[in-house]
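Thanks for coming. Please have the sequence and the structure open while I talk.

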Amino acid sequence: CVLILKQSCMTRGRFTKEWQMTSESKRIDIALSSDLRFYPGLLVTACSIAQHADRNYELCFHVLDGGIGEANRCDLQNRIARLHSKAVLDWQLIDAGVLAKLPEWRGCGKMTWARLLLPNLFPSVGWMLYVDVDFLCLGDVAQLWKMSAPQYALMSALDRWPLTMPSESFWFKKNGRVYEADKYFCAGSK
C-alpha cells in the first residue's frame, strides 16, 4: 500500500489549516510503520526507496517505531546514509498502549493502525507518502511524488489483486457496505 496524503491540522473534526506542496519542493516526506517483527520489511522498503531515489531530492523517512530497538535503528540509519546522502530518518516512538485496543487482521500487527496518527504527529508536513513495509521500490520515488495533486486529500492506487477481491467483497457485504471494485484501495487494515 502506498498512499499519498495531504496532511491537515484537525481540531474537533474540522480542518483548521491546510498545507500544500509546491512543484518546486525538493524534499519527499515518507512515513513507514514497523515494530520488531516487521523490521526486515522496513529495512528492504526504506533501502529500496533510498537506492532508487533521485539524488536531487532530500528524503525524510518518518519511521513510526513500535519497538524496533536501538541496534536496528542504528543499522537502518547507517544503511540509508550509504545509499542516499540526502536522506534522514525521523524516529517517532509509538506507545503500544495507544494501539492496544485495536484489532489485528490476518497477522498485520497493530502498527498498521499507526498511520492514523500521521496528521497529529506531523501537522506541519504538507504532502507525505505512506508506504507499507512489504513494498519493494524498483524506481524513482520522485516520479510518484510528482503525481500529488492539491485538490485531493488522499491518493492511492486501486487494489486490483484478483485473489483478494472475493474476500474484500465479502467483508463489505457482511458489514453492510457496497463494494465498488473501481473505487477500492487497500489501506492494510480492516
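I will start with a term. A nonpolar core is a set of buried Ala, Val, Leu, Ile, Met, Phe, Trp, Tyr and Cys residues joined through side-chain atoms within 4.5 Å. Buried, here, means under 20% relative accessible area. Keep in mind that what you see is a predicted model.

With that term, we can look at the core itself. The largest nonpolar core has 30 residues. Which residues have the most contacts inside this core? They are Ile28, Ile30, Leu59, Phe61, Leu76 and Ile80. Two or more residues come from each of β4, α1, β5, α2 (70-83), β6 (87-93), β7 and α5 (141-145). Helix α1 contributes the most, with seven residues. As background, nonpolar side chains in soluble globular proteins tend to be buried together.

Now the overall layout. The protein chain has six helices and eight strands. In sequence order the pattern is β-β-β-β-α-β-α-β-α-α-β-α-β-α. The chain has 190 residues, and 39% of them count as buried.

Next, strand β4, which covers residues 27-34. Seven of its eight residues are buried, so the rest of the structure largely encloses this strand. Strand β4 runs parallel to strand β5 (residues 58-65), and eight bridges join the two. Within this pairing, Asp29 sits opposite Cys60 of β5. To get from β4 to β5, the chain passes through helix α1 (residues 39-52), and this β-α-β crossover is right-handed. Leu32 also has a bridge partner in β5, namely Val63. Strand β4 has another parallel partner, β7 (residues 127-131), with two bridges between them. In that pairing, Ala31 stands opposite Tyr130 of β7.

On to strand β5. Is β5 largely enclosed or largely open? Seven of the eight residues of β5 are buried, so the rest of the structure largely encloses this strand. β5 also runs parallel to β6, and seven bridges join these two strands. Phe61, which I named among the core residues with the most contacts, has Leu89 as its bridge partner in β6. Further along, Leu64 stands opposite Gln92 in β6. The unit made by β5, α2 and β6 is again a β-α-β unit, and it is right-handed. A general point for reading these strands: in a regular strand the side chains alternate between the two faces of the sheet.

One residue of β6 deserves a separate look, and that is Trp91. Is Trp91 buried or partly exposed? Its relative accessibility is 21%, and buried means under 20%, so Trp91 counts as partly exposed. The C-alpha atoms of Trp91 and His62 are separated by 6.1 Å, although these residues are 29 residues apart along the chain.

A similar case is Gly139, in the loop between β7 and α5. Gly139 has 30% relative accessibility and therefore counts as partly exposed. Along the chain, Gly139 and His52 are 87 residues apart, yet 5.5 Å separates their C-alpha atoms.

Finally, some searches and what they returned. How many disulfides does the structure hold? The number is zero. For reference, a disulfide is a covalent bond between the sulfur atoms of two cysteines. Take two of the cysteines: Cys47 counts as buried because its relative accessibility is 13%, while Cys74, at 37%, counts as partly exposed. The search for aromatic pairs, run over the whole structure, also finds zero. What lies over the face of Tyr57? That is Lys26, at 4.7 Å from the ring centre.

To recap: β5 is joined to β4 by eight bridges and to β6 by seven, and both pairings are parallel. The largest nonpolar core has 30 residues, and α1 gives the most to this core. That is the end of my part.

Conventions:
Residues are numbered from 1 along each chain as its sequence is written. This is a predicted model: local features need pLDDT of at least 70, side-chain atom pairs count only at pLDDT 80 or more; totals for chains, interfaces and linings use all residues. Side-chain values use heavy atoms; hydrogens and water are left out. A disulfide is a pair of cysteine sulfur atoms within 2.5 Å. Buried means under 20% relative accessible area, exposed over 50%, partly exposed in between (1.4 Å probe, protein chains only). Rings of Phe, Tyr and Trp (its six-membered ring) pair if their centres lie within 6.5 Å; planes under 30 degrees apart count as stacked, over 60 as edge-to-face and the rest as tilted. A charge sits over a ring if NZ of Lys or CZ of Arg is within 6 Å of the ring centre and within 35 degrees of the ring normal. Helices (H or I, at least four residues) and strands (E, at least two) are DSSP runs, numbered from the N terminus. Two strands pair if DSSP finds at least two bridges between them. A crossover is right-handed if, with the strands pointing away from the viewer, the path from the first strand over the helix to the second runs clockwise.
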